[in-house]
Amino acid sequence: LLIWNTIGFAQVPGTWNEYFSFRNIQQLEAVDDNVFALSENGIFIYNTSTQEIQKVTKLNGLSTVGLSCMAFCDSTSSFLIGYGDGTLDILEYPSLRVHAIPTIANKSIYGSKKINSIVMKSDTAVIATEFGVLTFSMTTKNFISTTILSDDGSYVAAKSVTADGDKIYVATTKGIFSSMLSSSNLSDFSLWTKFTGIPYENDTISQIATLNGTIYYAHKDISGAKKDSVFKIKNGIAEAFKTQKQNITRIAVRKDQLCISSNLSASIYNQEEKLTHQYDETTSNSKYCDIIKLNNDEVFVADQYFGLYDYHTKDNIIPDCPLSNHIMDMVFQDENLHIVCGNQSLWEKVYYNVKVSTGAWFGHSDWKANNSFCVYPVKNSKTYYIGTHGNGFFENSEVWESGTQYDESNTLLQTYYLYRKTVIDDITVDSDGTLWLVNSGTSFPVVARDKNNNWYSYYIAKQSGNIVNQQNLYNQMLIDPRGYKWLSGTGYLTVFYENKTLDNTDDDKLVRIPLTDNEGSIAERTTCLAEDLDGEIWIGTSQGIAVHSSPSRVFKDRQSISRIKIEIDGEVGYLLSSESISCIAVDGANRKWIGTEKSGVFLISENG
């Protein structure tokens, strides 16, 4: 891989940096010698003359993340960028100054506001969204019209849009519609025409483009066969153009070139529909999202997994970055940042990354270890462990290898109670070098392996109550200086201690502390744990924060959980009680960084 712009960890205190993955490229556009590559969290610009890369992200101007499409306006020399939440940004070229257009995002619209496609006609942008079609002036920066593509006012999703002369064509979930762009009342749906007598006239049309008076469109196959079909309409007659092997990802026309991309191929046709370029790597794990030809005849392919591919040099061009944006867990150890990418519902191969102290990223991917869930690098060692949601865990020693797999077949680990998959929700190592695992959803959810490779598992009896309490759905283990194992994830705060005798369960200690205090119920379940610099245990729950202030007495005094009261505008309440807490970190000043499911990150003082 060609890598530029390596950034180390050093930065000005109090400023933010970004470590986005730019490997998932969704769209390409070219201006002069520059290729603009749009990914989910930003754009990177590759200069084909200097081979330099420049990034444009939320940190240097973009409104947000979740980019979905873009189009370049020649008359104003600027891009219009669309987002999944309906936000629009104008990106000036070459200054790269950004002007935010939050109108759609701020509107009260039922359902999705995602911007799916943009096409430029002179200085007018035609915008396809999940609720209809809009036109926007790039000169005045004002919206011109909004069209709801139905007679009854219900939303019909516009998936793609194209323009030919004064006519615009829109691909929707209910076929193809067209209208005159110069119409005095483009918002009036009665002035639009629906295409009839064409294949799949009432089905989802995912892509549309026009070249020399011919309309090209892709029908989205939803049968499971994933064989989308491309058709062309010429002189009012529709016929098959090409059937792709996998999902069609984009049809676009650029400088009289028809560009068609699918999962397994990316092709360019000239005005006579003659194939001039084709990239077809069927043996790789690639997914092609776009292909573009520059004025100097250089060709580039957008890949969902491997970044920008140079068709002629066969190089993958990408900023130095993680392998994926689906970050599930990260641990900073020995000046290196270790992360894994995946989750329990995303069927994706394991992406493991380490950002070393010099600033460079290294890593590997592995289908065997899909649904990565947690990572634990051993201190002062090359060894690191990756836990997965379904495939046990992996022990590794090199950053580019997947390592040895452990599951129910070669350990005391058990499969999840709902299906035959080995789930590892957390991994840690104690001061004696014993490896501890949270084997969620089993009768023996705590499993240990000592330094001599002897395995031990511990039964934690189920309790009556709701399913969260019953099924041992633990998600995190915190080991305090005494060796006590604190467990979160269920309707109790659970603490376990094997008493330094791994093979003797008679002297084990176990306590379940209800999530209540002297003022009543705290929350339905615990979600995460952290120990602060004073030795107190901070407990994230589905309804805010609780604290165990005397962990040394946890097996004697069970009722020492409390909530923190705060006063805001004269009203007294509990700290973050309306938030579901996803993670807690404690910094060197004993302040608490609280991650939430829906409201971002809160920084709170030492005492809350």
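**Loops, a sheet and a surface patch**

Trainee: Which strands flank the loop that holds Lys-255?

Mentor: This is a predicted model. Lys-255 sits between two strands, in a loop. Those strands are E21 (248–254) and E22 (257–262).

Trainee: Is Lys-255 buried or exposed?

Mentor: Exposed means over 50% relative accessible area. Lys-255 has 61%, so the label is exposed.

Trainee: What is the phi of Lys-255?

Mentor: Lys-255 is not a glycine. Its phi is positive all the same, at about 50°.

Trainee: Where does Lys-314 lie, and what is its phi?

Mentor: Lys-314 is in the loop that runs between strand E27 (307–310) and strand E28 (316–317). Its relative accessibility is 57%, so Lys-314 counts as exposed. Lys-314 is a residue other than glycine, yet its phi is positive, near 60°.

Trainee: Which peptide bond is cis, with omega near 10°?

Mentor: Look at the loop between strand E7 (88–92) and strand E8 (98–101). Pro-94 is found there. The cis bond leads into Pro-94 from Tyr-93.

Trainee: Why do E48 and E51 each have one side without a neighbour in the sheet?

Mentor: The open sheet has 4 strands, in the order E48-E49-E50-E51, with antiparallel pairing. Strand E48 (526–531) and strand E51 (561–563) are at its edges, so each has a single partner strand. From one strand to the next, the twist averages 30°.

Trainee: Which residue in E49 is the bridge partner of Ala-530?

Mentor: E48 pairs with strand E49 (residues 537–541) in the antiparallel sense, over 5 bridges. Within E49, the partner of Ala-530 is Trp-538.

Trainee: Is Ser-580 buried or exposed, and what is it in contact with?

Mentor: Ser-580 belongs to the loop between strand E53 (571–574) and strand E54 (581–586). Buried means under 20%. Ser-580 has 16% relative accessibility, so it counts as buried. Setting aside neighbours within four places in sequence, its contacts are Thr-541, Ser-542, Gly-595, Thr-596 and Glu-597.

Trainee: What accessible area does the nonpolar patch with Val-601 have?

Mentor: Val-601 is in strand E56 (residues 601–604). Its relative accessible area is 57%, so Val-601 is exposed. On the surface, Val-601 forms the patch with Trp-16, Leu-59, Trp-593 and Leu-603. Together they have an accessible area of about 550 Å².

Notes. Residues are numbered from 1 along each chain as its sequence is written. This is a predicted model: local features need pLDDT of at least 70, side-chain atom pairs count only at pLDDT 80 or more; totals for chains, interfaces and linings use all residues. Side-chain values use heavy atoms; hydrogens and water are left out. Two strands pair if DSSP finds at least two bridges between them. Axes are lines fitted to C-alpha atoms, for helices over the stretch in contact, and angles run from 0 to 180 degrees between N-to-C directions. Patches are made of residues with over 30% relative accessible area and no salt bridge: like charges are joined within 9 Å, nonpolar side chains (Val, Leu, Ile, Met, Phe, Trp, Tyr) within 5 Å. Accessible areas come from the Shrake-Rupley method with a 1.4 Å probe; for residues, only the protein chains shown count as cover. A salt bridge is a side-chain nitrogen of Lys or Arg within 4 Å of a carboxyl oxygen of Asp or Glu. Buried means under 20% relative accessible area, exposed over 50%, partly exposed in between (1.4 Å probe, protein chains only). Contact means heavy atoms within 4.5 Å.
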